[in-house]
Amino acid sequence: MANHEVIADKYGITIIHPPEQKYVIGWWQIERDGFTHWRDHLSEKIWFTEDMDSSFTALCIEHFNWN
C-alpha cells in the first residue's frame, strides 16, 4: 500500500500509514512489554499489513541484536 512506512530511530519505531497517521513505539516499550505483545497488538490494527509486520520484526531484530 502506498505511503506505508516502518522506520526506526534512536527513540523507537514509527509506523506511518495513510492518511498521514503515525504510530510510535519506543524501544523501551518493546523491551518492557515484549516483542510478542507489540506484534500481537499491532496485528489487531486493520492497517497493519504483512509488509509492515516484516519490517517491524526486522527492525526489532536489528535493534536488539537478536539472532
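These are my notebook entries on a predicted model, taken in the order I looked things up.

**Entry 1: strands**

I began with the strand pairing. Strand E1 (5-8) and E2 pair in the antiparallel sense, and I count 4 bridges between them. A hairpin of 3 residues joins E1 to E2. I looked up Glu5 and found Ile16 in E2 as its bridge partner.

I then went on to strand E3 (residues 21-26). E2 pairs with E3 over 6 bridges, in the antiparallel sense. Here I noted that Ile13 stands opposite Ile25 in E3. E2 and E3 also form a hairpin, with 3 residues between them. I checked the turn and found that Glu20 has a positive phi of about 55°.

Is E2 enclosed or open to the outside? I find 6 of the 6 residues of E2 buried, so the strand is largely enclosed by the rest of the structure.

**Entry 2: nonpolar core**

Next I listed the largest nonpolar core, which has 15 residues. The members that touch the most others are Ile13, Ile15, Ile30, Leu42, Phe48, Phe56 and Cys60. Which elements give two or more residues to this core? I noted strand E2 (12-17), helix H1 (27-33), helix H2 (35-43) and helix H3 (50-64). H3 gives the most, with 4 residues. For context I wrote down that nonpolar side chains tend to be buried together in soluble globular proteins.

I took Cys60 for a separate look. Setting aside neighbours within four places in sequence, I find Cys60 in contact with Ile13, Trp27, Ile30, Phe35, Asn65 and Trp66. Ile13 and Ile30 also stand among the core members that touch the most others.

**Entry 3: surface patch**

I then looked for nonpolar residues on the surface. Tyr11, Val24 and Trp28 form a patch there, and together they have about 320 Å² of accessible area. I placed Tyr11 in the loop between strand E1 (5-8) and E2. Tyr11 has 44% relative accessibility, so I entered it as partly exposed.

**Entry 4: salt bridges**

How many salt bridges does the structure hold? I find 2.

One is formed by Arg32 with Asp33, and I read 2.8 Å between the closest N and O atoms. Arg32 is exposed, with a relative accessible area of 53%. Asp33 is partly exposed, at 30%.

Arg39 forms a salt bridge with Asp53, and I read 2.7 Å between the closest N and O atoms. Why does this pair tie together parts that are apart in sequence? Arg39 lies in helix H2 and Asp53 in helix H3, so the pair links parts that are 14 residues apart in sequence. I entered Arg39 as partly exposed, because its relative accessibility is 33%. Asp53 has a relative accessible area of 15%, which is under the 20% cut-off, so I entered Asp53 as buried.

**Entry 5: recap**

I closed by going back over the elements. E2 pairs with E1 and with E3, and E2 is also one of the elements that give two or more residues to the largest nonpolar core. H2 and H3 are on that list as well, and the salt bridge of Arg39 and Asp53 ties H2 to H3.

Note on methods:
Residues numbered from 1 in each chain as written. Predicted model: local features only at pLDDT ≥ 70, side-chain atom pairs only at ≥ 80, totals over all residues. Heavy atoms only, no water. Core = buried A, V, L, I, M, F, W, Y, C linked by side-chain atoms within 4.5 Å. Buried < 20%, exposed > 50% of the residue type's maximum accessible area, 1.4 Å probe, protein only. Contact = heavy atoms within 4.5 Å. Patch = residues over 30% accessible without salt bridge, like charges linked within 9 Å, V, L, I, M, F, W, Y side chains within 5 Å. Areas by Shrake-Rupley, 256 points an atom, 1.4 Å probe, with all protein chains shown as cover. Salt bridge = Lys/Arg side-chain N within 4 Å of Asp/Glu carboxyl O. Pairing = 2+ DSSP bridges.
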